[in-house]
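This note sets out numbered points for a reader who is new to examining protein models. Please keep the sequence and the structure in view while reading.

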Amino acid sequence: MTQGIDVLLKEQRVFPPPKEISEKAYIKSMAEYEAMYKRSVEDPEGFWAEVAEQNITWYKKWDKVLDYDFEKPYIKWFINGKLNASYNCLDRNLDSLRNKAALVWEADDGEVRTYTYWQLYREVNRFANVLKKLGIKKGDRVAVYLPMIPELPITMLACARIGAIHSVVFAGFSAQSLRDRINDCGAKLLITANQGVRGGRIVPLKANADQALEGTPSIEKVVVVKRTPNFVDMDPQRDFWWHDLINDPEISNYCEPEVMDAEDPLFILYTSGSTGKPKGVLHTTGGYMVYVNVTFKWVFDYKPEETFFCTADIGWVTGHSYIVYGPLSAGATSLMFEGVPTYPNPGRFWEIVEKHRVNIFYTAPTAIRALMREGEQWPYKYDLSSLRILGTVGEPINPEAWMWYYKHVGRERCPIVDTWWQTETGGFMITPLPGAMTLKPGSATRPFFGVVPRVLKEDGSPAGVNEGGYLVIEKPWPGMLRGTWGDPENKRIKEVYFSRFPGKYFTGDGARVDEDGDYWLMGRIDDVINVSGHRIGTAEVESALVAHPAVAEAAVVGFPHDIKGEGIYVYVVLKEGYEPSRDLEKLLISHIRHMIGPIATPDKIQFAGGLPKTRSGKIMRRILRKIASGAIEDLGDTSTLADPSVVEELVTGRK
Ligand code: WTA
């Protein structure tokens, strides 16, 4: 958990919604929210039918809104409804928004490329035809390993157009991670770039992809976007340039969208859990589109003339839902940024806000903390008067960072929506509505419509007011995962999400509810570390470590980190014949970066003679977490350990 509950219990500041926001908002008051919320949970089918009808265009309406059983589990929304996600993001906007900017792309070096709805539509149609020509059909998986360039959303929408399932792999992942994901979903085609550009540095994407493709029998062809002028190896049988394919005069400008069932898969996105390898979270078309569309509009209170800037990478769910599918289906102008917040200087975000007159800005607490450290002079160098709504996502935001964001970026005018959600939930779950909620720094406030969260104690009974517990969701919502790839009977999701408290969706997060009914998220309570808003499974890092010849045993835990939220703390027991050294430490770090990617780089490595284990051989992570966080006076009961003396050695050797 990233923050002490006692600090948050003392947080008393409140910020009611500004009048000028409430007056024009979709949801104008707490009374309105409460009435709508009540209806959404008492009559979910009626509520969601109305939302789906008003916000999404269907080829054919559904026969039944919802069918589910959380015990099995299975979840189906808008049964037999037919639609196409790309049609909803593009075609239907052409009449009224043809010349409105759909995507504004700001490159790492400041270059800008804008796609109107018409231009984006044209590119997507052409690339959809390219995909068909390459033999891709409905239901095929397409792996996407692209940096933050317009070809990424174009690829996603082109896949959606022909019914292919995209699986975007964050461009910061290693060749090994890319290979695992391609093999898990059996992708036929890979879309990548020769290189990426981030913070003035080159990312060797095609070289990584080539390495990954040494062990991916399902991949038949590769499409390569030329992001930089630099040379890369191209296999003439397998690799094709994007520009050659899309500019082929034989490619037509129109591709009829595939009529998709509401429950046909839209995409797979891999995410880390507490056990084993990352899981391919599966989202389907109807429920997901309804959910991201309406959460986008209502939570950001999006108005037609506004520019929305989400700083996430599309390689994560935040980019899928709130750079691509939510904003575009709502006819918004979505700004995507290729670079990093501190390049060429820590004013970059604010420069972009000023330059494009951004109205709604959505980022992560880790970015806010990093910029906070650079000093408040940076946001004051720019004209931020266009900003109206701010948002955060990815981890609990500490009140200090919230206040900095509120004062120096929002200039005390802009509500902050602290949106709690997950890859699995598809869209926002607990979040303020900016015209209705009274904000408290550090609280995500209330559940979105139709979302029924509960905080439970260990034994499944409800936690009391301000009592921390396990956050679960009792009822289905349209944007939720339908399963994980490769598990048609949903055995895996049953075990991971629906067994800890049978019949309820287990989030993996801790939370408490205060006396006003507001939710305070307390961080992961499973073996997932949240590093700068990115989920890293401790099991993944451990298995990477033990794959190294020097390592006999490894245990990985999170510890509080000022900027990242949580850092990665590694305990390593070496094999006979290996000695701890700074060089070996460096070697292990580069081994992990190679196996997983730079996001899994350990912050601290401690060589240990042994790990604290129970007599039955179970590693006592509780103790390791305490040592890592420096809480050594308070190690709790160590009497059940097989060998209590290891603890002393670990405390002395603490990093
Ligand atoms: C954490 C990102 C507190 C949480 C959308 C969750 C948050 C995990 C918040 C999901 C928030 C996300 N407050 N914690 N506003 N938003 N989290 O799947 O631990 O990458 O379970 O989805 O991030 O991370 P994921």
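1. In this predicted model, G375 takes a positive phi of about 105° just after helix α15. Helix α15 spans residues 365-373, and R369 lies in that helix. The surroundings of this helix deserve attention, and the next two points address them.

2. Is α15 enclosed or open to its surroundings? Of the 9 residues of α15, 7 are buried, so the helix is largely enclosed by the rest of the structure. The buried residues are P365, T366, A367, I368, R369, A370 and L371. They pack against two helices, α14 (348-356) and α17 (399-409), and against three strands, β18 (360-363), β19 (389-392) and β29 (565-574).

3. R369 may be considered individually. Its relative accessibility is 8%, so R369 counts as buried, the limit being under 20%. Leaving aside neighbours within four places in sequence, R369 is in contact with E395, P396, N398 and A401, and also with D562, I563, K564 and G565. According to UniProt, in an unreviewed entry, the feature "domain: AMP-binding enzyme C-terminal" covers residues 540-618.

4. Three domain annotations in UniProt, each from an unreviewed entry, can be set beside the computed values. "Domain: Acetyl-coenzyme A synthetase N-terminal" is placed at residues 33-89; over this span the chain is 47% helix and 25% strand, with the end C-alpha atoms 27 Å apart. "Domain: AMP-dependent synthetase/ligase" is listed for residues 92-483; that span is 30% helix and 21% strand, and its end C-alpha atoms lie 30 Å apart. For residues 540-618, the annotated "domain: AMP-binding enzyme C-terminal", the chain is 27% helix and 32% strand, and the end C-alpha atoms are 17 Å apart.

5. The nonpolar interior comes next. In soluble globular proteins, nonpolar side chains tend to be buried together. Here the largest nonpolar core has 205 residues, and W48 and Y325 touch the most other members. Helix α12 (residues 285-299) gives the most to this core, with 9 residues. A second, separate core of 18 residues includes A555, F559, V573 and A628.

6. Which residues does W48 touch, not counting those up to four places away in sequence? They are V65, W77, F78, V290, Y291, V294, F448, F449, G450 and P478. Of these, V290, Y291 and V294 fall within the range of α12, residues 285-299.

7. Helix α12 also meets helix α13 (residues 317-329): their axes come within 8 Å and cross at roughly 85°. The two helices are therefore roughly perpendicular to each other. On the α12 side, the contact is made by Y288, M289, V292, N293, T295 and F296. On the α13 side, the contributors are H320, S321, Y322, Y325, G326, P327 and S329. Y325 thus appears both in this contact and as one of the two residues named for the largest core.

8. How many disulfides does a search of the whole structure find? The search finds 0. A disulfide is a covalent bond between the sulfur atoms of two cysteines. The sulfur of C159 is 11 Å from the closest cysteine sulfur, that of C185, which is too far for a bond. For C414, the closest cysteine sulfur belongs to C310, at 17 Å, again too far for a bond. Both residues are buried: C159 has 0% relative accessibility, and C414 has a relative accessible area of 1%.

9. G186 lies in the loop between α9 (175-185) and β8 (189-193). Its relative accessible area is 23%, so G186 is partly exposed. Although G186 and S218 are 32 residues apart in sequence, their C-alpha atoms are 5.5 Å apart in space. Not counting residues up to four places away in sequence, G186 touches R141 and S218.

10. V224 is found in strand β11 (residues 221-225). Is V224 buried or exposed? At 0% relative accessibility, V224 counts as buried. Apart from residues up to four places away in sequence, V224 touches T192, A193, N194, K206, M234, D239, F240, W241 and W242. The C-alpha atoms of V224 and L131, which are 93 residues apart along the chain, are separated by 13 Å.

Technical notes:
Residues numbered from 1 in each chain as written. Predicted model: local features only at pLDDT ≥ 70, side-chain atom pairs only at ≥ 80, totals over all residues. Heavy atoms only, no water. Disulfide = S-S within 2.5 Å. Buried < 20%, exposed > 50% of the residue type's maximum accessible area, 1.4 Å probe, protein only. UniProt positions renumbered as here; feature names shortened; annotations may be inferred. Helix = DSSP H or I, 4+ residues; strand = E, 2+ residues; numbered from the N terminus. Contact = heavy atoms within 4.5 Å. Core = buried A, V, L, I, M, F, W, Y, C linked by side-chain atoms within 4.5 Å. Axes fitted to C-alpha atoms, helices over the stretch in contact; angles between N-to-C directions. Parallel < 35°, antiparallel > 145°, perpendicular 65-115°, else oblique.
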